[in-house]
Amino acid sequence: MSTGVLVRAGAARSTGWLRRRLMFSGGLVLPAFGWTAIFFIAPLILLIAYSLGRIDIITFTVRWGWTTQSYSQVFQSLYLGAIGRSLMLSVGATLACLIVGFPVAYYISIQRGRRQLMLLVAIIVPFWTSFLVRTYAMTNLLSYGWLGGGKLLDTPFAVGLGIFYSYLPLMILPLYVALERIDPSLRESAADLGAGAFRRLRRVIIPLAMPGIVAGCVMVGIPSTGEYVIPSILGGDKVLMYGNVVADQFQSTGNYPFGAALSVTLMAALTIVVLVVRRGTARREGLA
């Protein structure tokens, strides 16, 4: 048998093996892709379609079309207060979670064995309780507890405290993963070279933990910006955030196009923020 025939036979076998491998991989990916298409991509397309429609003020039905009328109403002064309040509370809660969560995550990362496992379980245990139950528990604390004797409920502080309490584990866990991967010999080398505790923190630990810091800030900041449940329960009718405005457009007013335009605008803004942060992180890692 000639060499050319052997080469062609080997190439055919390789091609057949590759085709079977791709078909097998495609079969594994297909359920996840179908789930994403049905429950994420399709609703997103429907939301964008609604945002480009208009509401009939006589029949209160949606008129399909291609108009940006709803987007022009987003930045009216009536809604700027809710937007600013959402950003302020989101940034404040994210910074509070970072300030409190970093020492906790660092302490857990330097533990070993069963002690570390028990501390991690203590962080995760609150997620075993319903989000609504935990939020309503905060109303009892703010109404009848030592914190203000009921004066703190229905205030921006109560909403910020609720966001901080609910999202703190989402900050601690990414920080722990990043800090736990730091080689202990790096801290010891910095100490041997004369760096004090604060300098080791600033020059060694924080730069190496930056991926965890970025991930934690994204995981806390983005969902808290559009938070709806916590302001509704802890803020009542006195603290209106962006999520409440969107919900009112769908549930109370029935203005689906404007509610969809508010949602799409928020998603677009947060997507831009994530892309900018991701690009900055990738550039910093490349320079490192």
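## Where confidence drops

Let's start with a stretch to read with care: residues 5-12 have a pLDDT under 50 throughout, and the model gives them one contact beyond four places in sequence. This is a predicted model, and helix H1 (residues 3-51) is where confidence in the protein chain is lowest, with a mean of 69. At the other end of the scale, confidence is highest in H6, at 93.

Over the protein chain, the average pLDDT is 82, and 84% of the residues score at least 70.

## Helix H6 and its bend

H6 covers residues 156-180, 25 residues in total. From its first C-alpha to its last, the helix reaches 35 Å, close to the 36 Å expected at 1.5 Å a residue.

Where does H6 bend? Look at Tyr 167, where the helix turns by about 45°. A proline, Pro 169, follows within four residues.

## H4 against H6

Helix H4 (residues 113-124) meets H6 with the two axes coming within 10 Å and crossing at roughly 155°. Angles over 145 degrees count as roughly antiparallel, so H4 is roughly antiparallel to H6. On the H4 side, the contact is made by Gln 116, Leu 120, Ile 123 and Ile 124. H6 brings Pro 169, Ile 172, Leu 173, Tyr 176 and Glu 180. Sorted by character, the residues of this contact of H4 with H6 are seven nonpolar, one polar and one charged.

## H8 against H9

Further along the chain, the axes of helix H8 (residues 197-208) and helix H9 (residues 210-225) come within 4 Å and cross at roughly 55°. The two helices are therefore oblique to each other.

Which residues make the contact? H8 supplies Ile 206, Pro 207 and Leu 208, while H9 supplies Met 210, Pro 211 and Ile 213. The contact of H8 with H9 divides into six nonpolar residues, no polar and no charged.

Note on methods
Residues numbered from 1 in each chain as written. Predicted model: local features only at pLDDT ≥ 70, side-chain atom pairs only at ≥ 80, totals over all residues. Heavy atoms only, no water. Expected span 1.5 Å × (residues − 1). Bend = angle between axes of the 7 residues up to and from the residue. pLDDT = per-residue confidence, 0-100. Contact = heavy atoms within 4.5 Å. Axes fitted to C-alpha atoms, helices over the stretch in contact; angles between N-to-C directions. Parallel < 35°, antiparallel > 145°, perpendicular 65-115°, else oblique. Nonpolar A, V, L, I, M, F, W, Y, C, P; charged D, E, K, R; others polar.
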